[in-house]
Amino acid sequence: MRTDYLFTSESVSEGHPDKVADQISDGIVDLFLSKDPEARIACETLTTTQLVVLAGEIRCKGVYENGEWAPGAKEEIEQTVRNTVKRIGYEQDGFHWEKFEFINRLHGQSEHIAQGVDAADNKDEGAGDQGIMFGYATDETPDLMPATLYYSHKTLERMAADRHSGAAAFLEPDAKSQVTLRYEGSLPVAATAVVVSTQHAPGYDEGEKEAELHAYVKRVIAEVIPPVLLRETTYYINPTGSFEIGGPDGDAGLTGRKIIVDTYGGASPHGGGAFSGKDPTKVDRSAAYITRYLAKNVVAAGLATRCTIQIAYAIGVSEPLSLYVDTHDTGTVGDDKIEAAIKGNAKLGGLTPRAIRTHLGLNKPIYQPTAAYGHFGRKADGDFFPWERLDLVDDLKAAFA
């Protein structure tokens, strides 16, 4: 196994056009789940210059039934969309939360899809689609995430906080980061390159103002990445020069185009399905959450320092088709034994879609906060980010006591 190498991950800010779309889509998921915990939602969003379009299929008691919208429902949807863009901070000529054109093309869920997913008679609830999902954990960081992605996310989170507070008022919402780390013995020892491209106010692309922006970004990086890793770093700050036009005005945004940013920064395989805009019956979302939960608990239990877990489903079928554990030769017990311990844990209910939703408490309006700065490596807080809990550690330890 190779142990010395360079590896890179990127992140994008909440103001990136694709992330604007993700946050809008998850705002709609939360709105419908707040009305009906059993709602079915598949909401895609397109953003571009002064335009937001919603498309997809829904089923929601009290909101959309028998092909009809409830009174006031369309208005509430539009307000949710505009409030999301306002919170992000877009009040620009090319994209303004009050002024963009809004088009709603959501419609009812296909009966053919519903019949495969819904529980009926002696049939348990089936998976909302076929597919493969992956979860991953590594002991590189306190949150058990790949360090390259961890530092990329943290850099942009800090910059966004400073923008919202006014501490860095020259920043605008759109931004990207990228961190390259040199690994020796599978541990990060140096950040060889850090890239930050941030939208900015007029004039911050030359002279003293440009120097101020560059100095600010370097300060943030120095506070996010441990100094021991910054001894040989090359910085690329707004390497193309000006970045005044950004967000949906600078480039179109679509739901689900940042799936590697959303997960593990390329350090783990990805099944290909996006998360945002989908209710938790869609295993693209819920099964990716449970595999992260399982992988994180495996590493936290001391059974491995790295762990990848894959699970697979068929649409309309409740039982998973396969479960695969790979500890990358870092396991203290056999991978097959970890698989058996997971399958044998009654709390997990056989990892059916219903069991996953029940165990993690997913039928709640908890999704918009996931739609920027990663779905994983976040702090479990009340109902939010339950897949980051470490409440399976004792069970896993006991299985090998």
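**Helix packing, salt bridges and two loop residues**

Colleagues, I begin with a contact between two helices: from helix 8, the residues Val283, Ser286, Ala287, Tyr289, Ile290 and Tyr293 touch Pro353, Ile356, His359 and Leu360 of helix 10. I should say at once that the model is predicted. By class, the residues of this contact are 8 nonpolar and 2 polar, with no charged residue.

Let me turn to the geometry. A pair of packed helices is described by the angle between the axes and by the distance between those axes. For helix 8, residues 283-300, and helix 10, residues 353-360, the packing angle is about 60° and the axes lie 10 Å apart. How are helix 8 and helix 10 oriented to each other? They are oblique, because an angle of about 60° is neither under 35 degrees nor within 65 to 115. The crossing of helix 8 and helix 10 has a left-handed sense.

I move to the N-terminal part of the chain. Helix 1, residues 17-35, packs on helix 2 with an angle of about 135° and an axis separation of 9 Å. Helix 1 is therefore oblique to helix 2. Here the crossing is right-handed. On the side of helix 1, the contact involves Val20, Gln23, Ile24, Gly27, Ile28, Leu31, Phe32 and Lys35. Helix 2 contributes Glu76, Ile77, Thr80, Val81, Thr84, Val85, Arg87 and Ile88. Which classes do the residues of this contact divide into? There are 9 nonpolar, 4 polar and 3 charged residues in the contact of helix 1 with helix 2.

Helix 4, residues 147-165, packs against helix 5 at about 125°, the axes being 9 Å apart. These helices are therefore oblique to each other as well, and helix 4 crosses helix 5 in a right-handed manner. Tyr151, Lys154, Thr155, Arg158, Met159 and Asp162 of helix 4 meet Tyr216, Val217, Val220, Ile221, Glu223 and Val224 of helix 5. The residues of this contact comprise 7 nonpolar, 1 polar and 4 charged.

My next topic is salt bridges. How many salt bridges does a search of the whole structure find? The search returns 22.

One of them pairs Lys176 with Glu10, at 3.9 Å from N to O. The residues are 166 positions apart, with Lys176 in strand 8, residues 171-184, and Glu10 in strand 1, residues 5-12, so that distant parts of the chain are linked. Lys176 is partly exposed at a relative accessible area of 36%, and Glu10 is likewise partly exposed, at 27%.

Strand 8 returns in the salt bridge between Arg182 and Glu232, whose closest N and O atoms are 2.7 Å apart. Arg182 belongs to strand 8, while Glu232 sits in the loop between helix 5 and strand 10, so the pair ties together parts 50 residues apart in sequence. Helix 5 is thus the helix just before that loop, residues 207-224, and strand 10 covers residues 234-237. Arg182 has a relative accessibility of 23%, which makes it partly exposed, and the value of 38% places Glu232 in the partly exposed class too.

Asp391 and Arg389 also form a salt bridge, with 2.8 Å between the closest N and O atoms. Asp391 is partly exposed, at 36% relative accessible area, and Arg389 is partly exposed at 26%. Elsewhere, Asp18, Arg257 and Lys258 are joined into one network by salt bridges that share partners.

I close with two loop residues. Tyr90 is located in the loop between helix 2, residues 73-88, and strand 6. Is Tyr90 buried or exposed? Its relative accessibility is 0%, and Tyr90 is therefore counted as buried, the limit being under 20%. Beyond its neighbours within four places in sequence, Tyr90 is in contact with residues including Val20, Val85, Trp97, Pro173, Gln199 and Pro248. Val20 and Val85 appeared earlier in the contact of helix 1 with helix 2. Tyr90 and Pro248 are 158 residues apart in sequence, yet their C-alpha atoms are 9.6 Å apart in space.

Gln109 occupies the loop between strand 6, residues 101-108, and helix 3, residues 111-117. With a relative accessible area of 13%, Gln109 is buried. Between the C-alpha atoms of Gln109 and Tyr64 the separation is 10.0 Å, for residues 45 positions apart along the chain.

Notes: Residues numbered from 1 in each chain as written. Predicted model: local features only at pLDDT ≥ 70, side-chain atom pairs only at ≥ 80, totals over all residues. Heavy atoms only, no water. Salt bridge = Lys/Arg side-chain N within 4 Å of Asp/Glu carboxyl O. Helix = DSSP H or I, 4+ residues; strand = E, 2+ residues; numbered from the N terminus. Buried < 20%, exposed > 50% of the residue type's maximum accessible area, 1.4 Å probe, protein only. Axes fitted to C-alpha atoms, helices over the stretch in contact; angles between N-to-C directions. Parallel < 35°, antiparallel > 145°, perpendicular 65-115°, else oblique. Left-handed = near helix turned anticlockwise from the far one by under 90°. Contact = heavy atoms within 4.5 Å. Nonpolar A, V, L, I, M, F, W, Y, C, P; charged D, E, K, R; others polar.
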